[in-house]
Amino acid sequence: MNNASIQPVADRFRYKTAHGLRGQAEKLGLALPFSDDIGVLLQAVAVNGRRIPNRIATQPMEGCDGELSGAPGPLTRRRYLRFARGGSGLIWFEATSVVADARANPRQLLLTRDTLPAFRDLVQETRAAARDRFGAAHAPYFVVQLTHSGRFSRTAAPGQRKVTCANPYLDREPNPLWTDADLERVRDGLVAAARLAAEAGFDAVDIKACHGYLIHELLGAHTRTNSRYGGVFENRSRLLLETVDAVRGAVPDLAVAVRMNATDGVPYPYGFGMAADGSASLDLEEPRRLVRALVEAGCTWLNVTAGIPTFVPHINRPFDRPVSGTAAAPEHPLVGVVRLLDLGREMQREAGTIPVVATGFSWLRQFWPHVAAAVVTRGMAGFVGLGRGMFAYPDAPADLMAHGRLDRTKCCLSCSRCTELMRFGSTPGCVVHDQEIYAGLHRDAVVAQSRGGS
Ligand SMILES: Cc1cc2nc3c(=O)[nH]c(=O)nc-3n(C[C@H](O)[C@H](O)[C@H](O)COP(=O)(O)O)c2cc1C
């Protein structure tokens, strides 16, 4: 899984029938769950005393379309209204920074006392959009992902982008290190933002622990020495667990979730959930232990993902076409899909009755509901989440309710153009199926990039 070992594998989705897709899985020796009956996805379910109208989640996806203040902008509003009108039972709002100098891009959302009114409006309007289309009985559940971008902070002052420890796979240059006191201030910032999230009307906060951002970075900080937050597992997981505990203490009525990496794809000692021999193999002992600790700490939701998107994108989001200028995936995308589903299953096994939201469905196009239904029926996860698939086809849950199947012409093609928009410093969305906004933005971004843009 190391980039150095990447050999391009040109393979793409070309299955007209479920039989073809399942045959491919068999050929690859993969156990792809599949169910003809998708009914389970559309059943309401109770979590922590709340009725969630169905098992389908919109995964968190940054739109990089906030105002410079960090308040949601017009395109942010447009995205969430589309998700709500599309019928998702669970909407996991995107990575939202808790401090101004830790934003992954200058248009990342930022939750502060100043931006709170705009977040409150966004929550209310999103709730109203769902109610207007599906009636009062359909009240989707809203989680907001709180984050500090750590080594990926693009708004840090020059020389102030800090890391928990050096990482030869991810660092382009040496960076200053966080002190333990700095990290404790980040924890306090997350707790303060959780209070604001409750005021804004969210049902839960996610303390983001994935994809290389700060809290997740600590989970793999094996080489951080002389610190309460580095070295042994108890130390590496301490800041996350302290934050969960502090949020529960400060805002008891707010549910706490964690989106976690079950493995990083960055070899030990620079990644989490990796074999200690420094190979590309996974070792899930610590991720399992983390799940048990999070459940013990009172989390009521988990969301399982993997990989560092810029380093091993094929692990994070299996694709047919890579971001332009980057390597093709070293494996068949279905291998990545099944890896993500298996990781979800392993974490769900540990989490018991606390629901895991599984990731990895978008590449499956029109067949995802059948795989997702089998995932839920077999107890591999409580909920199924789509990222790129919802940019492309936010009405997918509504179409399943109305027709029992998807329109294959509206499905995500895993063409990576949404990610490309983000990498080129623009505003991600579906370039293929939401052309009104994103086709032009993509054209402009490609031109700007070819002229040496951001
Ligand atoms: C443009 C873009 C933005 C994303 N932003 C976030 C984010 O804010 N938080 C997060 O945890 N994951 C983020 N992701 C990852 C997705 O939530 C999801 O895990 C990934 O796309 C794989 O799921 P999929 O195959 O359904 O797309 C993002 C993905 C994309 C393509």
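Two strands count as paired if DSSP finds at least two bridges between them. Keep that in mind for this predicted model. Its 8 strands close into a barrel, and their pairing is parallel. The cysteines form 0 disulfides.

**The barrel**
- The strand order is S3-S4-S5-S6-S7-S8-S9-S10.
- Neighbouring strands of this sheet are turned by 30° against each other on average, ignoring direction.
- Strands in a sheet pair through backbone hydrogen bonds, in either a parallel or an antiparallel way.

**One strand pair up close**
- Strand S8 covers residues 301-305, and strand S9 covers residues 356-358.
- S8 and S9 pair in the parallel sense over 2 bridges.
- Asparagine 303 stands opposite valine 357 in S9.

**Helices on the sheet**
- Helix H2 (residues 74-86) packs on the sheet.
- H2 touches strand S3 (56-58) and strand S4 (90-97), and its direction makes about 160° with that of S4.
- Helix H10 (residues 333-351) lies across S7 (255-261), S8 and S9.
- H10 runs at about 150° to S8.

**Cysteines without a bond**
- Why is there no bond between cysteine 411 and cysteine 412? The sulfur of cysteine 411 is 8.3 Å from that of cysteine 412, its closest cysteine sulfur, and a disulfide needs the two sulfurs within 2.5 Å, so they are too far apart.
- Cysteine 418 also has its closest cysteine sulfur in cysteine 412, at 6.4 Å, which is too far for a bond.
- Cysteine 411 counts as buried because its relative accessibility is 3%, under the 20% cut-off.
- Cysteine 418 is buried too, with a relative accessible area of 13%.

Conventions:
Residues numbered from 1 in each chain as written. Predicted model: local features only at pLDDT ≥ 70, side-chain atom pairs only at ≥ 80, totals over all residues. Heavy atoms only, no water. Helix = DSSP H or I, 4+ residues; strand = E, 2+ residues; numbered from the N terminus. Axes fitted to C-alpha atoms, helices over the stretch in contact; angles between N-to-C directions. Contact = heavy atoms within 4.5 Å. Buried < 20%, exposed > 50% of the residue type's maximum accessible area, 1.4 Å probe, protein only.
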